[in-house]
Amino acid sequence: ATMLGVSLRKHGKVVGAVNPVNSAELYVSGLSKSTIGRRFIAAAEELLSTFLQRRLDERYLVVWVDAVAEGDYSVLAAVGLTAGGTKKVLGLRQGSTETAEYCREFLEELRHRGLSAQKGILWVVDGAAGMLKALPEVFGKSVLVQRCRIHKGRNVADKLTLTEPEKKVFAAELHEAWAIQNPTLAKAKLELLARGLEASGQPAAANSLREGSQDMLTCCRLGVPPELMASLTNTNIIESTFSVHEAAARRVKRWRNGKQVLRWVALSSCEAERAFERVGTPESLGRLARALERYAETKLASGKPPLARTG
C-alpha cells in the first residue's frame, strides 16, 4: 500500500474501509504508523540484499545508465537488455554526485556480479563526464558508447537564443539528421547544422552540438537495425523506471539520508521491472548481437576498434 501512495498514518483507515468488521483488531495488531514504517524499511532492505545482488551471467546486448536526484542525494541506475529482448534492472548505487570514482565503483560491482563485455555491449549513457571516464577504465578502452540524443538535444536547446518557432525548426532539423542511417551522411548533416548555428550567432550551441558527436552516431556506425534505433539512442527506459519512483514517493516530505532514497528507488525499480515490455524481434536482436560480436572480435584481434555498418 505504501508503494501505491498510501501514507503511513492512513494504513489503518484503508484497512478499515476494505474490512470494517475487523479493522480495529487489525490496527491494534500492527497497522500503526511506526510499525508500518519499520516493516517497509525491513522489506526494502531485504530487497536490496536479493534483487540488487542477482547474478548477471546472462548475455546482455545493451546497458542503459542514468541517475535520479532527490534533494541532495542521487541514485545511479543500470538497466540491461538481454539477447532474448527482456529488460532487467541490473543495479542501483547511491552517491552524492556522478563522479568518476562513484561511477567506477558502480560499474565494477556490475562486473563482479557477472556482467561481461567479452562479446560486446552497447552502453547508452547521458553523457556525464564521470561515467564517460569510468566506462573504459572498467570495461576496456574500446568500450562502445551511445550518447543519449534526448539529453544532447536539451543541452543544445538550453544554449540557443532563438525564438520559439526558430527553436522548433532547429529541433526538427536535428531530428532529421539523427534519423539518417548512413553515419557519414549523418555526421555531415550535423556539421552543417553546427555551422549554421555559428553563422547565426549561436557559438555555444554549435560547440555543444559538436561535443561528443562521435558517440551520438555509434548506433549508426555499428549498424543497429532501424527498428531498434528508437530504444537504443536514448535513456528513456531509465527515466520511465524513475517515473514509477516519483509516483510512489510523492508523499515523502523530506529525504533524511541517501539510504532512504535508495530503498525507495529499489522498491520502485522492482515494480517497474515487472511492467517492462520486450524490445525488438528475434531477427533484429540477432543482428545486433552479431554486430557486437564482430566488433569485439575485431577489437581483440587488431587492437583497433573500427566500426562498420552491417546488413
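Let me start with a definition: axes are lines fitted to C-alpha atoms, for helices over the stretch in contact, and angles run from 0 to 180 degrees between N-to-C directions. We will need that for helix pairs.

First, the ground rules. This is a predicted model, where local features need pLDDT of at least 70, side-chain atom pairs count only at pLDDT 80 or more, and totals for chains, interfaces and linings use all residues. Residues are numbered from 1 along each chain as its sequence is written, and side-chain values use heavy atoms, with hydrogens and water left out.

Now confidence. pLDDT is the predictor's confidence in each residue, from 0 to 100. The protein averages 84. Of its residues, 83% reach 70 or more. Where is confidence lowest, and where highest? The low point is helix α1, residues 11-18, with a mean of 46. The high point is strand β4, residues 122-125, at 97. Two stretches stay under 50. One is residues 1-8, for which the model has 23 contacts beyond four places in sequence. The other is residues 10-18, with 12 such contacts. Contact here means heavy atoms within 4.5 Å.

Next, the overall picture. The protein has 15 helices and 5 strands. Those are DSSP runs, numbered from the N terminus: helices are H or I, at least four residues, and strands are E, at least two. Buried residues make up 48% of the 311 residues. Buried means under 20% relative accessible area, exposed means over 50%, and partly exposed is in between, with a 1.4 Å probe and protein chains only. Take contacts with a separation of 6 or more. Residues 24 or more positions apart account for 65% of them.

On to helix α6, residues 149-158. I will take two partners.

Partner one is helix α7, residues 164-178. The axes of α6 and α7 come within 11 Å and cross at roughly 150°. That makes the two roughly antiparallel. The cut-offs: under 35 degrees is roughly parallel, over 145 roughly antiparallel, 65 to 115 roughly perpendicular, and the rest oblique. The α6 and α7 crossing is right-handed. In that convention, the near helix is turned clockwise from the far one by less than a right angle; anticlockwise would be left-handed. Who makes the contact? From α6, Arg149, Lys152, Gly153, Val156 and Ala157. From α7, Lys167, Phe170, Leu174 and Trp178. By class, that is 5 nonpolar, 1 polar and 3 charged. Ala, Val, Leu, Ile, Met, Phe, Trp, Tyr, Cys and Pro count as nonpolar, Asp, Glu, Lys and Arg as charged, and the others, Gly among them, as polar.

Partner two is helix α9, residues 203-210. The axes of α6 and α9 come within 8 Å and cross at roughly 165°. So α6 and α9 are roughly antiparallel to each other. Their crossing is right-handed. Lys152, Asn155 and Val156 in α6 meet Ala205, Ser208 and Leu209 in α9. The classes are 3 nonpolar, 2 polar and 1 charged.

Staying in α6, look at His151. Is His151 buried or exposed? Buried, at 15% relative accessibility. Beyond four places in sequence, His151 contacts Asp66, Asp126, Thr235 and Glu239.

Last residue: Leu132, in helix α5, residues 129-139. Leu132 is partly exposed, at 26%. Not counting residues up to four places away, Leu132 touches Val125, Gly127, Val145 and Arg147. Leu132 and Ala100 are 32 residues apart in sequence, yet 8.0 Å apart in space, C-alpha to C-alpha.
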